[in-house]
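User: I'm new to this one. Could you walk me through it with a few questions and answers?

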Amino acid sequence: MTLTDIASRTYNHGWRLDPIIRSLLDTDFYKLLMLQMIREFYPNQRVTFSVINRSRHVRLAETIDEGELRAQLDHARSIRFTKKELIWLAGNTFYGKTHMFSPAFINWLSTFRLPEYELRKADGQYELHFHGPWTHTTMWEIPALAILNELRSRAVVKGQGRFTLDVLYARAKAKLWTKVERLREGRTWAVVYGHLECSARDGQRSGGDRHQRT
């Protein structure tokens with residue numbers, strides 16, 4: 001298993017573009033399920049999907065560089081589903097079911113691309129609007145949110161030293177590990193409790209059987 005040095009990864013931005021979205025599978029699985037349904041029943045429905053920051057005190061347009069935002073959005077539009085990704089979607093088992101995606105849908109995905117975007121500033125905020133078929137605009141939801149969130153995080157830590165970032169991410173990993181341990185403890189107690197509960201029910205049934213036999 002390869003461990004990523006998150007602090008170094010954050011500190012070193014010497015490349016032209018550090019892509020936030022690297023695959024169209026970088027999305028929630030339910031989006032693909034919804035997309036198949038939308039394509040089946042509403043293939044020609046045109047809509048406008050918008051991303052507007054409701055936390056008005058977080059002024060994204062004053063934090064995120066517009067050029068960097070456009071570069072990430074343009075990069076996301078250049079991505080296509082690869083043949084390996086489509087084979088994985090077509091042949092994998094999800095929720096205990098095979099072939100959740102029809103061959104026609106998989107074939108349609110092979111030429112899919114994210115539609116164009118409209119970006120504007122308003123009162124210190126960015127507003128993103130995506131116009132077009134519902135089958136295409138819906139797939140902007142997760143990438144658009146991920147890009148805005150990641151660029152804001154990069155802007156916040158920009159200028160911080162290597163050691164400061166190392167401490168920052170060490171604290172974050174410690175908090176994450178604490179939650180993992182709590183989840184493990186909860187799962188263990190759930191298993192133990194379930195076992196005790198089943199044993200108690202079995203004991204009650206056994207006692208009842210003996211009483212009937214006598």
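User: About how many helical turns separate Phe 105 and Trp 108 in helix 5?
Analyst: Keep in mind that we're looking at a predicted model. Helix 5 covers residues 103-109, and both Phe 105 and Trp 108 sit in it. They are 3 residues apart, so the separation is about one helical turn.

User: Is Phe 105 buried or exposed?
Analyst: Buried means under 20% relative accessible area. Phe 105 has just 1% relative accessibility, so Phe 105 counts as buried.

User: How many aromatic pairs are there, and what kind of pair do Trp 88 and Phe 94 make?
Analyst: The count of aromatic pairs comes to 13. For Trp 88 and Phe 94, the ring centres are 5.4 Å apart and the planes sit at 80°. Planes over 60 degrees apart count as edge-to-face, so the Trp 88 and Phe 94 pair is edge-to-face.

User: And what kind of pair do the rings of Phe 105 and Trp 108 make?
Analyst: Here the ring centres are 6.0 Å apart, with the planes of Phe 105 and Trp 108 at 25°. Planes under 30 degrees apart count as stacked, so this pair is stacked.

User: Which of the two is buried, Trp 88 or Phe 94?
Analyst: Trp 88 has 41% relative accessibility, so it counts as partly exposed. Phe 94 has a relative accessible area of 10%, and the cut-off for buried is under 20%. The buried one is therefore Phe 94.

User: Which residues form the aromatic cluster?
Analyst: Trp 88 and Phe 94 belong to it, and so do Phe 105 and Trp 108. The full cluster is Phe 29, Phe 81, Trp 88, Phe 94, Tyr 95, Phe 101, Phe 105, Trp 108 and Phe 112.

User: On to charges: how many residues apart in sequence are the parts tied together by Asp 123 and Arg 59?
Analyst: The structure holds 10 salt bridges, and one of them joins the side chains of Asp 123 and Arg 59, at 3.5 Å from N to O. Asp 123 lies in the loop between strand 4 and strand 5, while Arg 59 is in the loop between strand 1 and helix 3, so the parts they tie together are apart in sequence by 64 residues.

User: Is Asp 123 buried or exposed?
Analyst: Its partner Arg 59 is partly exposed, with a relative accessible area of 30%. Asp 123 comes out at 57% relative accessibility, and the cut-off for exposed is over 50%. So Asp 123 counts as exposed.

User: Which helix holds both Glu 66 and Arg 70?
Analyst: These two form a salt bridge, with the closest N and O atoms 3.0 Å apart. Glu 66 and Arg 70 are 4 residues apart, about one turn, and both lie in helix 3.

User: Which residue forms a salt bridge with Arg 120, and is that residue buried or exposed?
Analyst: Glu 127 is the partner, with the closest N and O atoms 3.4 Å apart. Arg 120 is partly exposed, with a relative accessible area of 39%. Glu 127, at 16% relative accessibility, counts as buried.

User: What should the span of helix 7 be, and what distance separates its end C-alpha atoms?
Analyst: Helix 7 has 17 residues, running 141-157. At 1.5 Å a residue it should span 24 Å. That agrees with the distance between its end C-alpha atoms, 25 Å.

User: Which residue with positive phi follows helix 7?
Analyst: The buried residues of helix 7 include Ile 147, Leu 148 and Leu 151. After the helix comes a residue whose phi is positive, near 95°, and that residue is Gly 159.

Notes: Residues are numbered from 1 along each chain as its sequence is written. This is a predicted model: local features need pLDDT of at least 70, side-chain atom pairs count only at pLDDT 80 or more; totals for chains, interfaces and linings use all residues. Side-chain values use heavy atoms; hydrogens and water are left out. Rings of Phe, Tyr and Trp (its six-membered ring) pair if their centres lie within 6.5 Å; planes under 30 degrees apart count as stacked, over 60 as edge-to-face and the rest as tilted. Buried means under 20% relative accessible area, exposed over 50%, partly exposed in between (1.4 Å probe, protein chains only). Helices (H or I, at least four residues) and strands (E, at least two) are DSSP runs, numbered from the N terminus. A salt bridge is a side-chain nitrogen of Lys or Arg within 4 Å of a carboxyl oxygen of Asp or Glu. The expected span of a helix is 1.5 Å times one less than its number of residues.
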